[in-house]
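What follows reads through one protein model, beginning with a pair of packed helices and moving on to a sheet. Please keep the sequence and the structure in view.

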Amino acid sequence: MTVDAPLREVEDAFVATVGASMMGTPHQPAAPAEITLGPDVFEFDSEFQTKIVVHALRNLDFMRKTAHLLKPDYFENAGEAAMVNIAIRYFQRYSTVPTAIIAGTMLKEDIANKVIRSDIKSVTIEACREAYKPGADLSDGSAIAERVAEFAQHQAMAATILESVDLLGKGQFDKIREKVKAAYEVGLNLNGDEYDYFKRLEERTNERNDRKMGILPPQGITTGHKIIDDLLYHRGWGRKELSIILGGAKSGKTTALINFAKSAVLTGKNVLYVTCEVAAKIISERLDATMSDTEIKLLVDRMHDVASRIKAHMPRSGQLQIAEYPSGTLTPSMLRAKIESYKSPMLQPDGTVRPAIQFDMVVVDYADIMAPDHRTTDSIENSKSVYLALRAIASEENVAMLSATQTNREGHQATVAKASHVADDFNKVRTVDIMISINVTDEERAAGEARLYFAASRNQEGGFTIFIKQELAKMKFIASIVRIE
C-alpha cells in the first residue's frame, strides 16, 4: 500500500486487521491489546525506523523535508521515540539539527524533568549513542525522506486501527471512516496548498465583485456590533485566524470572550467555549445574565423569566458547547481531539443523540494557561508553541480562534495597553492576527465605561480606540459604542 493507494485499500486493511478481531458474541468483544500490527502488516521495520532517527538528529536537509510529518509515537522503540522528540523540538526552535553535545544535554534535562520516564532511560541513552555513532551513513537521506510520508501514513493508520476498535463495537462506522480517511491523507500535502497567483486573478476579481454586489456575504464571525465588524478586515473575527483580547488582571477578558461567543451563537454560528480558569457552571451563569438581559444577582429571583428569554433565542441560534479543563492541563493536541470528538453524533447520558457539530468559532479562556504539547524548561518556548498551535488549529479547522492574554505590570498601570505591554513573550504579538486591548481607569469603571485599543493587526490598520459603555451587572461587555478615535 503506497501513498497513492485508493482509500478502499486502506479500509480493506482496516477490516482485515480489526474486523476479524471483533467477531464473536456481542458480550465478549476482543480487547484492543490482542490486536498486533507487525512487519507483516506494515513494512517499515525497526532498522528503517532507526535510520529515520539518525537522520532526524543529524541531517538538516532531511528535517526540512520531513519535520512536519514526524511524531514520536510513530516509533516502536521508546528510546528512539524520545530522541525524535528532542530532534523535533530543537528543529522547531532553531531550524537546525542538534550536535551530539546538545542532544546529550537535552536528554539529561528531559530525564531530570521526567519528560523521559525512568523505565526508558537506558534505551533512550542507547538510542542517542547509536544515532551519533561515528561513521554513520547519511548519504541516503533523500531516499529515506521520500519514504517518510508513507511511513507516517502507515503509522497513523496503525494508530487509527487500534483507536477504532471501540467505535466498531458501538457501530460508529461514520466516525471510523473519518479517522481512516484522515490517516490516509497524512503526508499527501508535502508542499502546502499551492496557489497560482496569475491564473487565479480572474477568480479573485469575481469574488470582489460578488462582495461589492452583496452576493457574497462577509466571511467573518460577527462581534455583535456592526461598527466593530466594519473595522475588521473580514467584517468580523476572521476564520483561520487567531484573535486575542489583551488586558490586565480583572479587566474583563473573560466577560469579553463570553459576549463575543454569545454574539456568534445568536447569529446561528456553532461555538466551542473552552475554559481553563473559570468553572463551566460560572461561565453558564454569566451567559444566562447577558442572554436574558438580567443582572446576575437576580438570576435566582427571576429564574423563570430568565429561562423564557433564553429559550426564545434557541430556534435561530447555533450550538454553544462549553468544555472545562483545570488550569495548565489543556494542550493543543487535546483541543484538536475535543474539536474532532464533536464531528460525529454522540449518545448522551439521557439517551438522546447529540448531532454532529462543525464549529465556526473556538474560544479559549485563555491561551496563557494552556500547556504545550512538548513541555520544555523554557517558558517562552512553551508559550510560543501554544500560540503557534492555536493559529494552526484555526487554519486546519477553518474556525475563528479567539482567546486572551495578560498585560505585564507596565501595561496594567498604563492608560492604554499596547502590543509592547504583552506579558512574558512578545512572540504572541508576532503570531496573532489581531490584538485588541481592554483599557479602563478607576473613573471610567465607576462610570461604566471602557476603551478598546487596536494594539496589533496583520491585515489592517491599527492604533485607534473604541470608546464603549458597559453593563457589567448584566455581564454585558459592550452595552453601546460611544465613539471611535
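Asp288, Met291 and Ser292 of helix α13 meet Val306, Arg309, Ile310 and His313 of helix α14, where contact means heavy atoms within 4.5 Å. Helices here are DSSP runs of H or I with at least four residues, strands are runs of E with at least two, and both are numbered from the N terminus. This is a predicted model, in which local features need pLDDT of at least 70 and side-chain atom pairs count only at pLDDT 80 or more, while totals for chains, interfaces and linings use all residues. Residues are numbered from 1 along each chain as its sequence is written, and side-chain values use heavy atoms, with hydrogens and water left out.

Two packed helices are described by the angle between their axes and the distance between the axes. For α13 (residues 280-292) and α14 (residues 303-313), the axes come within 9 Å and cross at roughly 75°. Axes are lines fitted to C-alpha atoms, for helices over the stretch in contact, and angles run from 0 to 180 degrees between N-to-C directions. The crossing therefore makes α13 roughly perpendicular to α14, a label that covers 65 to 115 degrees; angles under 35 degrees count as roughly parallel, over 145 as roughly antiparallel and the rest as oblique. By class, the contact of α13 with α14 has 3 nonpolar, 2 polar and 2 charged residues. Ala, Val, Leu, Ile, Met, Phe, Trp, Tyr, Cys and Pro count as nonpolar, Asp, Glu, Lys and Arg as charged, and the others, Gly among them, as polar.

The loop between α13 and α14 holds threonine 294. Is threonine 294 buried or exposed? Threonine 294 counts as buried because its relative accessibility is 2%; buried means under 20% relative accessible area, exposed over 50% and partly exposed in between, with a 1.4 Å probe and protein chains only. Its side chain makes a polar contact of 2.9 Å with the side chain of serine 292. Such a contact is a pair of N or O atoms within 3.5 Å; within protein, one must be able to donate a hydrogen and the other to accept it, and residues adjacent in sequence count only if both atoms are side-chain atoms. Leaving aside neighbours within four places in sequence, the contacts of threonine 294 include Val306 and Arg309, along with Ala473 and Lys474.

Now to the sheet. Its 9 strands form an open sheet in the order β3-β2-β6-β7-β1-β8-β9-β10-β11, with mixed pairing; two strands pair if DSSP finds at least two bridges between them. The edge strands, each pairing on one side only, are β3 (320-324) and β11 (476-484). From one strand to the next, the twist averages 25°.

At the β3 edge, β2 and β3 run parallel and are joined by 5 bridges, with leucine 272 opposite glutamine 321. Side chains alternate along β3: Gln321 and Ala323 point to one face and are buried, whereas Leu320, Ile322 and Glu324 point to the other and are not. On β6, Met361, Val363 and Asp365 point one way and Val362 and Val364 the other, and all are buried.

Strand β6 pairs with β2 (residues 271-275) in the parallel sense over 5 bridges, and valine 363 is the bridge partner of tyrosine 273. With β7 (residues 400-406), β6 (residues 361-365) also runs parallel, over 4 bridges. There valine 363 stands opposite leucine 402, and methionine 361 has alanine 400 as its bridge partner.
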